[in-house]
Amino acid sequence: MKNSMNSILTLQDISISFGGIKAVNQLSLDVRNQEIFAIIGPNGAGKTTAFNIISGLYRAQAGSILFSGTDITNLLPHQIAHLGMGRTFQNLELFTLMSVEDNLMAARHMHTKTNFWNELIRNKKVKDEEEQNRKKVHEILSFLNLGEVANKKVTDLGFPIQKRVELGRALALEPKLLLLDEPAAGLNFVETAELSELIKSIRGDLGITVLLIEHDMSMVMSISDRIIVLDYGKEICLGVPEEIQNDARVVEAYLGKRDSHA
Amino acid sequence: MQSVNKKVLKNSSLVLIVVLLLLAPLYISNYLLYLVGVILIMAIVAQGLNTMIGWGAIFSFGQPGFMAFGAYFGAIISRLFPMLPFPVILILTAVASALIGFVIGFPCLRLRGFFLAMATYGFSSALFVLINFFNNLTGGNEGMYVAPPTFGPMVLSSIESIFIMIVIIGVLTQFFVSNISKSRTGHAWRSIRDGEIAAASLGINIAREKLKLFTFGSCLGGVGGVLYAYLIGYLQADFFSIMGLSFFLILVVGGIGTVWGPLLGSVIMMLIPQVFGGLFNQSMNLVYGAILLIFVLIAPNGLLGMFGSLITNVKSRGKA
């Protein structure tokens, strides 16, 4: 199997079930290079499960996944990260005992070449590389307007800032594909608008493909190139925002059938 | 500019302390040399445990075992090969302890928390039994005498020369640990402590880094052990089996996960019996227990953690 010309991530008939419940059921999708692709659907539709399969936390029981030309179906999370996939988590997974800067420095792991023995004596090579990494980290922090909190502990920051730190940590990987799990959850109207601009600029200025799960429909409709709607682990609809908004099956999945309770 | 001055101040005071320690044989008694030597050794071994717990959340009860391994390994090879100079014995012991750490860590690190603690405790207990079992090598219950370290034709039997050796290794330990803590590996280890899933999503190979960390910590345990063997000149398995919780106590008092916590904790925990020994000679465990309780309740991050947060509080107040 090969990625078709233009696509960076291809899922083919992915399934996983937990205790008889099919969380993801024969899901196929194709994310194109440099697009903003959204996964939406009601609670329990299997969106986060799909993310966890893509990033290697769960192993698909059937189907295959291709990421930038490599079959990642059976790879471990850290191996997938090495291929250029970064992600954030629905319930923040920050390194709470570290400073903001150190959170991002930890993400420079795979871009650092020094070995343990050099690090023990901290030779010039180690210091130079650390300086480069720190520079990159501060570039990302200022891109996200986080320059001022660089030396703060993450637990001293408010929730919206923590979310941006987690985004920064994923960006510090310099990924080709960025997975964002509900980036707008818990943000107010203004913060959500800022986030929309940020995601557009992550794609536009940094050239990173974005795959996101989101419940905030106004944001999804305004920034996404294409949207897939899931319900009970299955695709019910795929298309550009206008198509999704006008699809009867989507309305049904969110609100229920018109006559079913009557 | 101010931060540069601070750095110079910090470095020069560190150099001063090291020089004072190296010259200590000139101005303090042999008993005090012995005491400071034990403090430094405990700090080295505790530093090994500190990196495991404080950075990798690896709760190992294996440290007394690794210390015993290092002590007996060093003592046995220096008896079998008397011509080996002490730096060679030291390096061989470090390598052997790291190797044992690797072999023990490989299966044990699949476990977590309580189960990991039990498995490593099992390693220590089994080792003490083995030491007593192979009595033709180790002297068994009778114990064994340790040949004084040699360096070419010199026999370094005096406590002064052993003390200086301990100071050098202690300084190297602090140097290595402080370097690692700033580096790629240090960041990876601490990220494992704070969240394995997130760490993996950043491309960090959790299993490999944990094994590296366990091997490193075990190596420090073994190195401390061989120095201990040289310092006291006589070994019995019981010396190590009773250490059980003392390294945890040192870390809790000094501050888990800090570079200087193990040293501070060792100083305090070793001086307490000197101060209170007369008062509570039969019930030192009572004193230790009370100290542990007080720290866990009032200052769970140890003395360094407490001072650290005080300093940052004052600093941020100054800025506001």
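This passage describes the confidence, domains, chain contact and helix packing of a predicted model.

Residues are numbered from 1 along each chain as its sequence is written, while chains are lettered from A and ligands numbered from 1 in the order in which they are written. In this predicted model, local features need pLDDT of at least 70, side-chain atom pairs count only at pLDDT 80 or more, and totals for chains, interfaces and linings use all residues.

The predictor gives the complex an ipTM of 0.90 and a pTM of 0.91. Chain B has a mean pLDDT of 90 (the predictor's confidence in each residue, from 0 to 100). In chain B, 94% of the residues reach 70 or more. Confidence in chain B is highest in helix α11 (residues 206–232), at a mean of 97. It is lowest in helix α16 (residues 302–319) of chain B, at a mean of 64. Helices here are DSSP runs (H or I, at least four residues), numbered from the N terminus, and strands are DSSP runs of E with at least two residues. Where pLDDT is low, the predicted coordinates should not be read in detail.

Domain bounds come from an automatic or database domain assignment. For chain A, the assignment gives domain 1 (1–84 + 177–187 + 210–262) and domain 2 (95–174). The C-alpha centres of these two domains of chain A lie 29 Å apart. Their contact takes six residues from domain 1 of chain A and seven from domain 2 of chain A (contact: C-beta atoms, placed from the backbone, within 7 Å). The domain 1 side in chain A has four nonpolar, two polar and no charged residues. In these classes, Ala, Val, Leu, Ile, Met, Phe, Trp, Tyr, Cys and Pro count as nonpolar, Asp, Glu, Lys and Arg as charged, and the others, Gly among them, as polar.

Chain B is assigned domain 1 (36–243) and domain 2 (245–320). The C-alpha centres of the two domains of chain B lie 22 Å apart. Here 18 residues of domain 1 of chain B are in contact with 14 residues of domain 2 of chain B. On the domain 1 side in chain B, α3 and α8 each supply at least two residues. α3(B) gives the most to that side, with twelve residues. The side divides into eleven nonpolar, seven polar and no charged residues.

Between the chains, the contact takes 21 residues from chain B and 27 residues from chain A. On the chain B side, α8 (159–182), α9 (184–194) and α10 (196–201) give two or more residues each. The largest share, seven residues, comes from α9(B). By class, the chain B side has eight nonpolar, nine polar and four charged residues.

Two packed helices are described by the angle between their axes and the distance between the axes. Axes are lines fitted to C-alpha atoms, for helices over the stretch in contact, and angles run from 0 to 180 degrees between N-to-C directions. Helix α3 (residues 30–56) of chain B and helix α14 (residues 261–276) of chain B pack at about 135 degrees, with axes 8 Å apart. α3(B) and α14(B) are therefore oblique to each other (under 35 degrees is roughly parallel, over 145 roughly antiparallel, 65 to 115 roughly perpendicular, the rest oblique). Residues of α3(B) in this contact include L35(B), V38(B) and I39(B), and those of α14(B) include G261(B), P262(B) and L263(B). The contact of α3(B) with α14(B) has ten nonpolar, five polar and no charged residues.

Helix α13 (residues 246–254) of chain B also packs with α14(B), at about 110 degrees and with axes 7 Å apart. α13(B) and α14(B) are therefore roughly perpendicular to each other. Among the residues in contact are L249(B) and I250(B) of α13(B) and L264(B) and I268(B) of α14(B). Eight nonpolar, five polar and no charged residues make up the contact of α13(B) with α14(B).

Notes
Contact = placed C-beta atoms within 7 Å.
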